[in-house]
Amino acid sequence: MSRTTTPQLLLKNRFLSYLIWQSIPSTLIFLFFFSSLPNSPHPLFPLWPFLPFLSFHLLFSATLSLIASPHPFFFPPHSPDFRRRLNHSLTFALFVAASAACGFVAAVSLCGVRAIGRVGFRGFLVGSLFGLHYIFKRRWVLEFPIIQRPPFFSFKMGIPSAAKRALKLSTVAFLFSAILLEILPHLFNCTIATRPFFTEQIVFFIASFAIFLCWELTHHLHRVLHTKRSVFAPPKGSAAAETNPSEHLLAALEESNPTSLLRYLAYLDLYMVCENNVDTWRRAAFFEETGETYKRVIAVCLRPLEHLASRLGEGLGNSTDKPAQLSNQLSPPTDGRLDLKHVEELYNFQLYAWCSRIVASLTACSRREDKFGVAQLSGSNTAVISTLISCLLAVENYMGKKTNLQSPNQLLGPAGIKWATLNNGRVDVPAGKRRTGPVNPKAYAIADVLKTSIYQIVSTFHDEMLAGAKASILEKDWVTSGKPLFGTREMLIQKLRLFLDFRAT
């Protein structure tokens, strides 16, 4: 298959398989609940209500897939990207409209047409409520599972949680629609005898639970099918696998849209190859003699981390930027502009975790698998350590952690090594304001992943780093000579020494 058609076919096949498979649980749920409801006119052959039910559920499934994205989009109140904001607002409005229409048709199909006014209006309210809840709770963001299982088992394991969520949402939607139906003046408000009234309420509650169960299972199925790992490599043993097995993966990483599902699937595949002992022949191909493949892989993984450090440095002020420090100190504690500016970067935790783990695993594996020394000779090891530490300093500064440059007498390692430093005294670097809210746990999670990645590299090259520290060449081999993305070169050297002493917390 050619390079130009492989990505399009991959996403198209997943979308078509999702539309086909979603019809199976929705059909079974409709047949079961339709035949058990007391208002079913034709329990043995419910063809006329089934066709509109399935058609509008197909519309709901298509719009759900349309708004789904692995990249969390946030739009501050004064966002300059108006076109992008308008496009996403229109797709969200289309999803809410499709949910409302699907709720109307599904309620009438399950409850019957004798009370089409009241039942249809309540179904419309139920669908609108689900659509708004789905958007504002950000359930459209695709979350990749930690453990990759076969799709059947992943779908089966999510059925109980989907049923519980459907029961909770259907209860809230039932009470909301019933209260609103009685409060608002409308044409469908009429007096009903006590027994038919309670019968209608019971039937609608069961129907609303069936509708929510269909929607929840559709959401779960969509997540299972679209977060499944795809292998971006030619078949093992083919001519392409012998000559250039990494070209498909690198093309998806470098040429696709940075926020597209294809880019995230490519990062997932690369993470599985580097972090686990699967497809070791593909990982060995990264360390080819010229070193070009290894440099491209490292560069495409460091780019998101560099973007994160740069954005945090722009908003919070770099450690050497005195005007930015003064502005950050004089800003009020309740100023939320910085949080709104960086909320999209911090919520993109999955991508940063993959990239940091990929570069750390590749750097650690290069010690025993890099026969040509391309990781060291190309300067990739220096770029990896410098970028990880710079990103960690930026995230810690965002969290409100203070960074100090210690004097030489305070930098003694466990073996009595006296670290050299360019500073003659202690310099306090002002930190950003301590922040609370839903973004702060994401910052702590990113910091933990960065620390784990740095410790993996330090543990692997611990003996070499200690020897370099004694010979005063540690910073030459592992820290960039230019200006880092965040902080100063002295801060990066000191932080690396703390990791080398296993004292970085």
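Reading the cores and helices

Me: In this predicted model, what is Val 395 in contact with, beyond its neighbours within four places in sequence?
Reply: Val 395 is in contact with Leu 308, Leu 312, Ala 443, Ile 446, Ala 447 and Leu 450.

Me: What makes these contacts?
Reply: The cut-off is heavy atoms within 4.5 Å. Val 395 is in contact with Leu 308, for one, so the pair has heavy atoms within that limit.

Me: Which residues have the most contacts inside the largest nonpolar core?
Reply: They are Tyr 267, Leu 270, Leu 362, Val 395, Ile 457, Met 465 and Leu 496, in a core of 75 residues.

Me: Why is this called a nonpolar core?
Reply: Its members must be buried residues of kinds such as Val, Leu and Tyr, joined through side-chain atoms within 4.5 Å. Val 395 belongs to the core, so Val 395 is buried, under 20% relative accessible area. Another core lies apart from this one, with 47 residues, including Ile 29 and Phe 73.

Me: How do helix 3 and helix 4 cross?
Reply: Helix 3 covers residues 82–111 and helix 4 residues 116–136. Their axes come within 7 Å and cross at roughly 145°. The crossing is right-handed.

Me: What residues, by class, has the contact of helix 3 with helix 4?
Reply: It has 16 nonpolar, seven polar and no charged residues. Asp, Glu, Lys and Arg count as charged, so none of these four is in that contact.

Me: How many helices and strands are in the protein?
Reply: There are 21 helices and two strands.

Me: What share of the protein is buried?
Reply: Buried residues make up 51% of the 505 residues.

How values were computed. Residues are numbered from 1 along each chain as its sequence is written. This is a predicted model: local features need pLDDT of at least 70, side-chain atom pairs count only at pLDDT 80 or more; totals for chains, interfaces and linings use all residues. Side-chain values use heavy atoms; hydrogens and water are left out. Buried means under 20% relative accessible area, exposed over 50%, partly exposed in between (1.4 Å probe, protein chains only). Axes are lines fitted to C-alpha atoms, for helices over the stretch in contact, and angles run from 0 to 180 degrees between N-to-C directions. A crossing is left-handed if the near helix is turned anticlockwise from the far one by less than a right angle, and right-handed if clockwise.
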